[in-house]
Amino acid sequence: MGNQKLKWTAEEEEALLAGIRKHGPGKWKNILRDPEFADQLIHRSNIDLKDKWRNLSVPPGTQSLTNKARPAKVKEEGDTPAADANDAVTIPRPIPTIPPPPGRRTLPSELIPDENTKNAPRYDGVIFEALSALADGNGSDVSSIYHFIEPRHEVPPNFRRILSTRLRRLAAQSKLEKIQNFYKIPDPSGTKIGVPKPKETHTKLRQANNQTSADSQQMIEEAAITAACKVVEAENKIDVAKLAAEEFEKMTKIAEENRKLLVIATEMHELCSCGETMLLA
């Protein structure tokens, strides 16, 4: 259950009025369950919403009269009601009006009063000042605008929520141009520049660059692995060549020794064939 003593903020009232415009009066549970207003009305209950809507619907100065007034007793038709000096006249409660949906021109009588209307011109002024100073062709988000205004102007603690509400209100009134989550001052010439397309193009270019970088990195890694394999193969071949050279050197020495033995054996054979005696040392 909501806290009845907790004062309503401008952000909560904006969310309540937006929820009534979307779901209609009396659909308090639907408004509380709607993700669009759940964050702003997290500390409120359906009873809080109903009471706040009733307070907003009663014109100022009439609530005390209605609380103190005692309604006159209803008489049957044909009876003449007796005058009672203690009976106070009850002022009928006006039927609240809800602003029409976007796309239809709003009449002044259809607007719902806002308690922070007196601060709206000052907030709108600093918002336009921030957008003019930032001068981003693609628009500025809520954080950029807030960080520009907060150190330069004295703002309440909940100014970030108020800023978000005012930006949405100005965009709904066509005083600002909203592109996704970015806001900017409309072009004075009345021609709207298609900003989302360049954004999308830049996004695609960044994605293509990232993909190209990833492919290049992968190719570099594959080339490094291939080079390492080639180096290992070359080292193996060098080792094999060294072993073959050593074996060849050994075989060369053995062949030289065998040649010398063959010469000695040939001389011994010749001497023995001539009948000479040969002494072996």
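Buried means under 20% relative accessible area, exposed means over 50%, and partly exposed is in between (1.4 Å probe, protein chains only). Keep in mind that this is a predicted model: local features need pLDDT of at least 70, side-chain atom pairs count only at pLDDT 80 or more, and totals for chains, interfaces and linings use all residues. Residues are numbered from 1 along each chain as its sequence is written, and side-chain values use heavy atoms, with hydrogens and water left out.

**Exercise 1. Sort Arg-54 and its salt-bridge partner Asp-51 by accessibility, then place them in the structure.**

Step 1: Arg-54 has 34% relative accessibility, so Arg-54 counts as partly exposed. Step 2: Asp-51 comes in at 18%, so Asp-51 counts as buried. Step 3: their side chains meet in a salt bridge, 3.1 Å from N to O. (A salt bridge is a side-chain nitrogen of Lys or Arg within 4 Å of a carboxyl oxygen of Asp or Glu.) Step 4: both sit in helix α4, three residues apart, about one turn of the helix. Helices here are DSSP runs (H or I, at least four residues), numbered from the N terminus. An α-helix has 3.6 residues a turn, so residues three or four places apart point the same way.

**Exercise 2. Find which helices the salt bridge between Arg-169 and Glu-14 ties together.**

Step 1: check the distance. The closest N and O atoms of Arg-169 and Glu-14 are 2.7 Å apart. Step 2: look up the helices. Arg-169 lies in α8 and Glu-14 in α1, so the pair ties together parts 155 residues apart in sequence. Step 3: add accessibility. Arg-169 is partly exposed at 25%, while Glu-14 is buried at 11%. Step 4: look at Thr-165, which also lies in α8. Thr-165 is buried at 7%, and it touches Glu-11 and Glu-14, not counting residues up to four places away in sequence. (Contact means heavy atoms within 4.5 Å.)

**Exercise 3. Check whether the length of helix α8 (residues 159-172) agrees with its residue count.**

Step 1: get the rule. The expected span is 1.5 Å times one less than the number of residues. Step 2: apply it. With 14 residues, α8 should span 20 Å. Step 3: compare. The end C-alpha atoms of α8 are 19 Å apart, which agrees. Step 4: look just past the helix, where Ser-174 takes a positive phi of about 65°.

**Exercise 4. Work out where the buried residues of helix α7 (residues 142-149) sit around its axis.**

Step 1: list them. Val-142, Ile-145, Tyr-146, Phe-148 and Ile-149 are buried. Step 2: look down the axis of α7. These buried residues fall within an arc of 160°, so they line one face of the helix. The arc is that of the directions from the helix axis to the C-beta atoms.

**Exercise 5. Explain why Cys-272 and Cys-274 are not bonded to each other.**

Step 1: recall the chemistry. A disulfide is a covalent bond between the sulfur atoms of two cysteines. Step 2: recall the cut-off, a pair of cysteine sulfur atoms within 2.5 Å. Step 3: check the distance. The sulfur of Cys-272 is 9.4 Å from the closest cysteine sulfur, in Cys-274, too far for a bond. Step 4: check the total, which is zero disulfides in the structure. Step 5: finish with accessibility. Cys-272 is exposed at 52%, and Cys-274 is exposed at 62%.

Terms used: Helices (H or I, at least four residues) and strands (E, at least two) are DSSP runs, numbered from the N terminus.
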